[in-house]
Amino acid sequence: ATPWQRIELAMKTDVAGGGMVYRTQTLKTKYGGFSPDKLTKFDQVAGDWQTYRIEPFWQAEKKIIKLRLDFPHERGGRYAIRAIRIIEEPPAAVAALPARDVKLDAKGEWRARVSLNAEDGAFIAVRMAASAGEAAVVTFASDAVNGLHRVNFPLHADGRMHTYNVDGGANKNWRGRIIELRLQTTARKDAKTAVESIAFGAEPQGPPDLELTWLGLHDPFTRAGRPARLEARVVNRGGETARDLKPQLSLSGAKLIKEESLPAKIEFGVPETLAWTVQADRPCKAKATLTIEGAPAKTATLNFLPAPSLPKAAYVPEPKPAKSDYQVGVYYFPGWHTASRW
């Protein structure tokens, strides 16, 4: 068993769905040698003849003595198999990282054979600009464990160059020697993606890259005519520390009362909170727009509700249980920060 072997299956079927290839290096299991965790899935297409090239990355098995091919059995499909074979591709030359001016294929993917010691680091720093898409994927294979393994990361689809420090260590299979590395971006036809570089290291890399992840009122029920706390959360995705923040807040329908003190610096991956005291003199849906150098602007709608006309009292009104055959309870959880959650 080597990393560069592929299962080639020539087949046609009238049923689409998920097929599976099981493998084993022993006959001593409950299922005649097979087990539920040693398989490779593939998507089968209904219609005419198709040739499927399945990548098992089964190198950790050392030796394969038996295979099993499974199809979706619940639909009762018909199958014709022309050939099944194992082919071995000659391994490509080992790519040196950082890779510069990375070229993507027609599917928006980059692949490379690599030789990285997982103990030397876990960060894959992707310097990339994308105009569309919500997420991209770094995929890797290790000589110590079977299969291809994924780490997803969100995209900033603003067409600007960003550094994405992808933590391979977030996947438990990042160990041994990493022998294959891939980057999968969006394959949408309208997407324009440029990859400047792909690097590997023990620490996050690249200049500060700020992202505003949230902007809104702290209290989900904010009343007009009263001071309210407006908060923004910002994260630094770049390796270098961000300093000297100069946020610019623009308000429409509300006024700024006070700006809270700003954090002196923002380290990689540690969210920080910016805060202001604002007020609307009448019930309305105000607008807030926040800009920070290096980050896309963030806009939020601030809902200022009418202040309830309640008489002054020393205590809240006495509870009056509703007549019911049911007891109604609610779990405590720290998620009541928006009106929609209530």
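Where does D244 lie? D244 sits in the loop between β18 (242-243) and β19 (248-252). Strands here are DSSP runs of E with at least two residues, while helices are runs of H or I with at least four residues, and both are numbered from the N terminus.

This is a predicted model, in which local features need pLDDT of at least 70 and side-chain atom pairs count only at pLDDT 80 or more, while totals for chains, interfaces and linings use all residues. Residues are numbered from 1 along each chain as its sequence is written, and side-chain values use heavy atoms, with hydrogens and water left out.

**Backbone features**

The phi of D244 is near 55°, a positive value in a residue other than glycine. D244 counts as exposed at 64% relative accessibility. Buried means under 20% relative accessible area, exposed over 50%, and partly exposed in between, with a 1.4 Å probe and protein chains only. F57 is not a glycine either, and its phi is positive at about 45°. F57 is placed in the loop between β4 and β5, and at 0% relative accessibility F57 counts as buried. A cis peptide bond with omega of about 10° joins L97 and P98; P98 is found in the loop between β6 and β7.

**Salt bridges**

A salt bridge is a side-chain nitrogen of Lys or Arg within 4 Å of a carboxyl oxygen of Asp or Glu. By this rule the model has 19 salt bridges. Three of these pairs are listed here with their N to O distances.

| Pair | N to O distance | Separation in sequence |
|---|---|---|
| R6 and E55 | 3.4 Å | 49 residues |
| R53 and E89 | 2.8 Å | 36 residues |
| E55 and R182 | 2.9 Å | 127 residues |

R6 belongs to strand β1 (residues 5-13), and E55 to the loop between β4 (50-54) and β5 (66-70). R6 is buried, at 5% relative accessibility. In the second pair, R53 is in strand β4 and E89 in the loop between β6 (79-88) and β7 (99-102). Both residues of this pair are partly exposed: R53 has a relative accessible area of 46% and E89 one of 27%. E55 also forms a salt bridge with R182. Because E55 lies in the loop between β4 and β5 and R182 in strand β13 (residues 177-184), the pair ties together parts that are 127 residues apart in sequence. R182 is buried, with a relative accessible area of 4%.

These pairs belong to a wider set: R6, E8, R53, E55, R85, E89, E109, R111, E180 and R182 are linked in a network of salt bridges.

**Strand β1 and its partners**

Eight of the nine residues of β1 are buried, so this strand is largely enclosed by the rest of the structure. Two strands pair if DSSP finds at least two bridges between them. β1 pairs with β6 in the antiparallel sense over nine bridges, and R85 in β6 is the bridge partner of E8. β1 also pairs with β4, again in the antiparallel sense, over five bridges. In β4, T51 is the bridge partner of A10.

**Surroundings of H156**

H156 lies in the loop between β11 (145-154) and β12 (161-167). At 13% relative accessibility, H156 counts as buried. Leaving aside neighbours within four places in sequence, H156 is in contact with A130, H162, Y164, E211 and R237, where contact means heavy atoms within 4.5 Å.
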